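Got your viewer open? Let's take a walk through this one together, one selection at a time.

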Amino acid sequence: MKHFLASLCLLGSLLHALAQCTVPASEFQLEGDYLIGGLFDIHHVNSPVYQDRPEAIDCSSQPFIPSHYRRFQSMRFSVEQINNSTNLLPNVSLGYEIFDHCSDTQNFPGILKLISVNGLIQPWGESHKKLSKVIAVVGPSPSTHTLTVAPLFMLDFLPMVNYGSSSSAFSTKTRFPSFLRTVQPNKRIIEVIVRIAQHFNWRWVAFLNSDNDFGIDGRELFIKMIKDTEICLAYTNSLNHDTDYSQLFQQIEAQRISVIIVFVHELIAEALIESAIQLNITNKVWIAGDSWSLNKKLPKEKGIKNIGTVLGVSQPVETIPGFNDFIYSVKSQNQCQNTGQHKFCNQVCNCSSQTAEDVIAADPSFSLSIYTAVYAIAHALHGALQCGDGKCNSNITVYPQMVLAELMKSNFTLLNQRVEFDENGDPKYGSYSIVFWNSRGDAEEVGFYKFHKSVNFFINNSKIQWYMKGEVPTSLCSPECPVGHAKKQHGIHKCCFHCEICQNGSYINSTENPYKCIRCKETEWSTEASTSCNLRAVEYIPFTDRGAILIMVGAWALVGLTFATSVLFAINYNTPVVRSAGGPMCFLILGCLSLSSLSVFFHFGKPTVSFCILRFLPFLSFYTVCLACFVVRSFQIVCIFKIAAKFPKLHSWWMKYHAQWLVITVAFLTQALLLVIGYSLSPPKPYNETVWYPDKIILGCDFNLMAYSGPVILLLSLCSLCFIFSYMGKDLPKNYNEAKAITFCLLLLILTWIIFATVYMLYRGKYIQTLNALAVLSSLYSFLLWYFLPKCCIMIFQPHKNTQQYFQGLIQNYTKTISQ
């Protein structure tokens with residue numbers, strides 16, 4: 001009886017223990033109507049394993065990664081949650097076959113088992129009589145691992161829904177037709193990193209990447225994206241287990257780089273940051289990729305604050321309902337698991353020391369991606385089995401390509417987020433969080449980046465505690481140029497330059513091209529160191545200008561005076577004063593003076609081609625006649641009083657053939673010919689003076705001095721001859737000294753144009769036209785006032801001097817004087 005009772009107690013204890021320890025045969029396997037393959041690197045091969053014979057690696061002997069074990073549990077939880085719900089796959093159970101995929105080259109037994117049927121792999125040319133229960137695969141994580149094994153799944157169009165491989169290569173559907181992923185491709189995270197650098201104006205950066213497909217792809221994308229920005233890649237290096245971190249940091253310090261972008265996997269990041277702490281690397285900004293930005297170990301390392309400020313880009317951390325309860329349940333069951341059971345290669349986890357709290361506290365990165373991947377497969381299976389009304393069609397034979405087709409059409413909501421894939425199998429949803437490692441050792445969210453439909457980027461700068469105590473660190477090869485300076489690049493990097501100031505008449509547009517000073521248009525001006533040009537003030541002398549009005553009134557007065565003088569001379573035509581002044585030649589001179597005054601009016605108003613032609617044409621033409629008349633007149637005076645006695649034949653020839661009119665006609669025709677030639681070669685045209693005044697445009701006329709040198713030389717020649725002849729007669733009788741009057745007029749004429757030429761060399765403003773018109777008018781008045789006016793006064797106020805007897809007396813007295 002005692003033994004019977006003892007047996008009952010022993011049986012009761014055994015039954016109680018069995019009741020508490022009802023667990024699956026392995027965490028890596030779960031039976032079901034359809035299986036999902038899983039590839040997770042729970043352990044990681046740090047360094048190459050050298051063997052003397054081909055064999056699969058034992059992953060459980062490699063370093064254990066808590067965050068990856070958490071991902072492994074995420075897949076198990078997702079399948080269990082789907083099975084516990086009757087909404088998605090009613091009367092259908094999902095199972096899984098998971099392998100620890102710790103190596104990209106020595107983990108093929110697990111891959112082969114996933115694509116085999118009853119241990120056999122069927123040739124692809126034969127029809128599949130038996131189908132594997134595996135309808136899709138989740139994982140693996142590193143891009144290099146995926147690139148190695150993906151071709152084996154692509155051949156049968158077995159869907160791979162990846163949660164961690166972000167290399168750009170997987171977006172190529174011709175190579176990976178059945179590949180989809182719930183993690184963003186590298187292009188997206190590099191976009192965020194570039195935006196962060198631009199946000200804080202960091203232009204001189206280092207980029208450290210893993211020496212694998214993931215890291216190299218990220219670096220190539222980064223170089224491509226910063227091509228048209230102001231960011232320069234000052235230093236780059238690929239990191240592996242053999243990297244000499246001491247030498248690496250020496251090179252970074254030598255380049256004076258303050259911002260380091262670290263695009264590596266978690267274990268390499270840990271080795272890098274720990275080396276930085278040991279080597280006392282300080283005052284840096286570290287930008288972490290999504291593979292290690294939520295690392296739980298590094299933020300609590302002793303000395304982590306000394307290395308500077310750590311920012312990171314991560315997937316948004318979403319709380320998955322029920323996950324924590326699942327982990328507590330799993331860890332309590334594992335206390336009773338029979339570890340002696342046989343398991344398939346790499347379906348063993350030496351993780352008994354991991355408590356539920358350890359798993360929950362591990363880096364949550366990619367957990368949401370795994371959760372989404374499993375649900376995407378379940379929704380695809382839902383579509384393939386035509387599930388609805390609480391049941392699925394069990395008569396349908398599900399092929400992997402059917403699941404793939406449904407996956408590409410995915411459109412469902414999970415945790416308030418719409419899940420869809422684009423034509424490349426990349427997610428059409430999601431965003432990134434921007435995190436900062438705060439003083440408590442937590443990754444605090446300080447911003448976000450949403451990139452679907454409309455890009456939305458935000459960083460709360462006030463939440464970031466910089467190592468510079470409030471000031472945002474700078475990272476520049478050369479300090480920014482002052483306003484109005486252009487950058488002159490030296491070396492191979494556009495970020496390294498010296499500054500040159502933009503001179504007058506140029507400006508710098510730093511937004512469009514900070515490396516070149518741009519010349520202003522002719523209608524614009526700028527001062528030194530300008531960032532834009534201003535419109536020049538257009539100036540010319542209008543007809544309403546006071547000075548212009550006075551000069552034009554003077555010109556009309558000249559015309560009136562010449563007319564009055566002509567009338568007076570006509571009335572007294574036969575008197576000695578008129579005959580001694582030139583007789584009929586006086587009327588020609590007075591008429592030409594009036595016609596010459598026409599030039600004055602064309603110096604005002606906005607210049608046109610006709611205005612420019614008429615500005616000097618009347619003056620040059622008719623003033624030539626005036627000068628020719630005075631040359632002849634001064635020559636006659638000298639000839640009559642001095643040459644007649646010595647050269648009587650010359651005097652008779654001159655008088656017989658009226659040579660004075662011949663000289664005047666030849667002078668006029670010569671000047672007309674020269675003007676026609678000059679105007680044909682280079683006709684005057686409006687000209688904008690922009691050199692003398694940078695802020696003004698002086699409207700004037702362009703005259704080619706070479707083309708008009710002939711008419712000017714002719715005028716100067718006539719003026720010189722006139723001066724010579726008149727000077728020769730300076731000792732003639734005082735009351736009859738026509739030569740002195742002509743000499744004085746010529747002196748005034750020469751003085752006027754010397755003054756104008758001097759002013760023209762020093763001043764080119766709009767009033768130069770007024771001065772030019774004044775010089776022309778002064779040239780006309782000099783002869784009218786000092787040659788004709790005295791004779792008018794004699795005729796009006798001293799008529800007794802305008803008699804034949806008076807003039808004969810003067811001549812007789814002069815003749816006696818010179819004969820003595």
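Where in the chain is confidence lowest, and where is it highest? This is a predicted model, so start by colouring it by pLDDT. The low point is helix α1, residues 2-20, with a mean of 33; the high point is strand β9, residues 259-263, at 97. Now widen the selection around α1 to residues 1-24: pLDDT is below 50 there, and beyond near neighbours in sequence the stretch has 7 contacts in the model.

Next, jump to residues 335-342. Here too pLDDT stays under 50, and the model has 9 contacts for them beyond four places in sequence. Don't let those two stops put you off, though: the chain's mean pLDDT is 86, and 90% of its residues reach 70 or more.

**First sheet**

Select strands β1 to β6. These 6 strands form an open sheet with mixed pairing, and the order across it is β1-β3-β2-β4-β5-β6. The edges are β1 (29-30) and β6 (179-181), each of which pairs on one side only.

Zoom in on β2 (residues 34-40) and β4 (residues 134-138). They pair in the parallel sense, over 4 bridges. To see one bridge up close, pick Ile36 and look for its partner in β4, Ala136.

Now bring in the helices. Show α2, residues 66-83: this helix lies across β1, β2, β3 (94-100) and β4, and runs at about 170° to β3. Then show α4, residues 143-154. Helix α4 lies across β2, β4, β5 (160-162) and β6, at about 155° to β5.

**On to β25**

Travel along the chain to β25, residues 696-702. Is this strand mostly covered or mostly open? Mostly covered: 5 of its 7 residues are buried.

Which way do its partners run? Select β23 (residues 537-539) and you'll find a parallel pairing with β25, joined by 3 bridges. Val538 is a handy marker, with Ile697 as its bridge partner in β25.

Then add β24, residues 685-689. This strand runs antiparallel to β25, and 5 bridges join the two. Click Asn688 and you'll see Leu699 of β25 standing opposite. To finish, follow the backbone from β24 into β25: the link is a hairpin, made through 6 residues.

While you have these strands on screen, one thing to keep in mind: strands of a sheet pair through backbone hydrogen bonds, whether parallel or antiparallel. Try switching on the side chains as well, because in a regular strand they alternate between the two faces of the sheet.

Terms used:
Residues numbered from 1 in each chain as written. Predicted model: local features only at pLDDT ≥ 70, side-chain atom pairs only at ≥ 80, totals over all residues. Heavy atoms only, no water. Buried < 20%, exposed > 50% of the residue type's maximum accessible area, 1.4 Å probe, protein only. Pairing = 2+ DSSP bridges. pLDDT = per-residue confidence, 0-100. Contact = heavy atoms within 4.5 Å. Axes fitted to C-alpha atoms, helices over the stretch in contact; angles between N-to-C directions.
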